[in-house]
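Good morning, colleagues. I would ask you to have the sequence and the coordinates open while I speak.

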Amino acid sequence: MKNLHFKDFFWNADLTCTGGYDAIIQYLNDGKRTCKEVEDFMKARASIEEKYAKDLLGLSKKVCGHNEMNTLKRSLDVFKLQTENVSLSHLQLAQSMREEAKKLEEFKEKQKEAKKKLEQHMEALHKHKSSQYKKTVDSKKTYDQKCRDKEEADQNVNRNTNTNNTKHMEKLYSKAQQAKQNAEEADRIYQQNVTSLGKVRDDWLKEHVKACEMFEQQAVERINFLRNTVWTHLNQLSQQCVTSDELYEEVRKSLEQCDVQKDIEHFVNLRQTGDIPPAPVMYENFYSDQRSLSGAPPSRLPPPVIRRGPLPDPAHNSREDTIYSTVQDVGYTVIHY
């Protein structure tokens, strides 16, 4: 299928009409507006990413598992660290988005300057073409009128051919001659203006074709640039997802090393208080305790009289033969004063 081009489909039958040219300019202006909208969109998205990154960074600094210990604590530390790294990656993403938006802005300004110069050139041609066309139309009107004046003068001469008034005939001949000269001069000016207008038209046709080609090239560049910009933007977002997943994978690897039993044993070894439980609390009868504390009631009978043996002879006494009484012996008594 044959490709369609601006230069083949934006003409007008009216020489002074600029409808086709205006349609192209409107299309380019709409394209410039689209560039601005995409630029603003990317800047706004960059601001969102930046705010999210800062909020995430602040979150990563908060206490999380401060009192935890052993393998779970290590996993939580990795979790916080990778959360911080994710926030930093989002900050980098926001910066990359702003750089792409800046490129788009520069591209838009570059096209704007090139388009402005060409527009000024074409506007000058349009004014010159319109001016020459008006001059040609006016000269044609003058030419038509002079021709009618000449025909009228000739008719007056023919109508008065048989008159005997010589002066009147001379006057009519003089007017006819003057009308003829005026018509010839008008014809010369008219033809000159038509020739000039033809040259102006040819120059404008060439410049219009060049302008159409340049405007079409701008449109092609703009569409490609916007397409590639959005594509790059999506690639950045996809890469951010990959980066975040890689960072989260580090957390998952750390969680895989989290051993529940080791953490339990670590706590036991670190904080144990003893391995013997307290003895059970037994029932104690109040009255039984009183009897055991007070003992048997004292006897009212006098102590029995115990006769001692004779005094030992010191000369024959020895340590082996000595016998001492103890409080456990029956009959042992204590003298109270």
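I shall discuss the nonpolar core, then the aromatic rings, and then the charged and polar side chains.

Please bear in mind throughout that this is a predicted model.

Let me begin with the core. The largest nonpolar core has 15 residues, and those touching the most other members are Phe 6, Ile 24, Met 122 and Phe 215. Three helices each supply at least two residues of this core: H2, covering 19–60, H3, covering 70–159, and H4, covering 166–256. Which helix gives the most to this core? That is H4, with six residues.

Phe 6 deserves a closer examination. With a relative accessibility of 16%, Phe 6 counts as buried, since the limit is under 20%. Leaving aside residues up to four places away in sequence, Phe 6 touches Ile 24, Tyr 27, Cys 212, Phe 215, Glu 216 and Ala 219.

I turn now to the aromatic rings. A pair of aromatic rings is described by the distance of the centres and the angle of the planes. Over the whole structure, the search finds seven aromatic pairs. In one of them, the ring centres of Phe 6 and Tyr 27 are 6.2 Å apart and the planes stand at 85 degrees, so this pair is edge-to-face. The pair links distant parts of the chain, with Phe 6 in helix H1, residues 6–9, and Tyr 27 in helix H2, 21 residues apart. Tyr 27 is partly exposed, at a relative accessible area of 35%. A further pair joins Trp 11 and Trp 204: their ring centres are 5.9 Å apart and their planes lie at 80 degrees, so this pair is edge-to-face. Here the link runs from the loop between H1 and H2, where Trp 11 lies, to Trp 204 in helix H4, and the separation is 193 residues. Is each of these tryptophans buried or partly exposed? Trp 11 is partly exposed at 36% relative accessibility, whereas Trp 204 is buried at 9%. I would add that Phe 6, Phe 10 and Tyr 27 form one aromatic cluster.

Charged groups also meet these rings. The charged end of Lys 129 is placed over the ring of Trp 204, at 3.8 Å from its centre. Over the face of Tyr 27 lies Arg 222, 5.6 Å from the ring centre.

This brings me to the salt bridges, of which the search of the whole structure finds 22. Lys 108 is bridged to Glu 39, with the closest N and O atoms 3.2 Å apart. Because Lys 108 lies in helix H3 and Glu 39 in helix H2, the pair ties together parts that are 69 residues apart in sequence. Both partners are buried: Lys 108 has a relative accessible area of 11%, and Glu 39 has one of 2%. A network of salt bridges links Glu 39, Lys 43, Glu 105 and Lys 108.

Within helix H2, a salt bridge joins the side chains of Glu 49 and Arg 45, at 3.2 Å from N to O. These two are four residues apart, so about one helical turn separates them. Glu 49 is buried at 7% relative accessibility, while Arg 45 is partly exposed at 27%.

I close with a polar residue in helix H4, Gln 240. Gln 240 is buried, at 8% relative accessibility. Beyond residues up to four places away in sequence, Gln 240 touches Val 86, Ser 89, His 90 and Leu 93.

Key:
Residues numbered from 1 in each chain as written. Predicted model: local features only at pLDDT ≥ 70, side-chain atom pairs only at ≥ 80, totals over all residues. Heavy atoms only, no water. Core = buried A, V, L, I, M, F, W, Y, C linked by side-chain atoms within 4.5 Å. Buried < 20%, exposed > 50% of the residue type's maximum accessible area, 1.4 Å probe, protein only. Contact = heavy atoms within 4.5 Å. Phe/Tyr/Trp six-rings, centres within 6.5 Å; stacked < 30°, edge-to-face > 60°. Lys NZ or Arg CZ within 6 Å of the ring centre and 35° of its normal. Salt bridge = Lys/Arg side-chain N within 4 Å of Asp/Glu carboxyl O.
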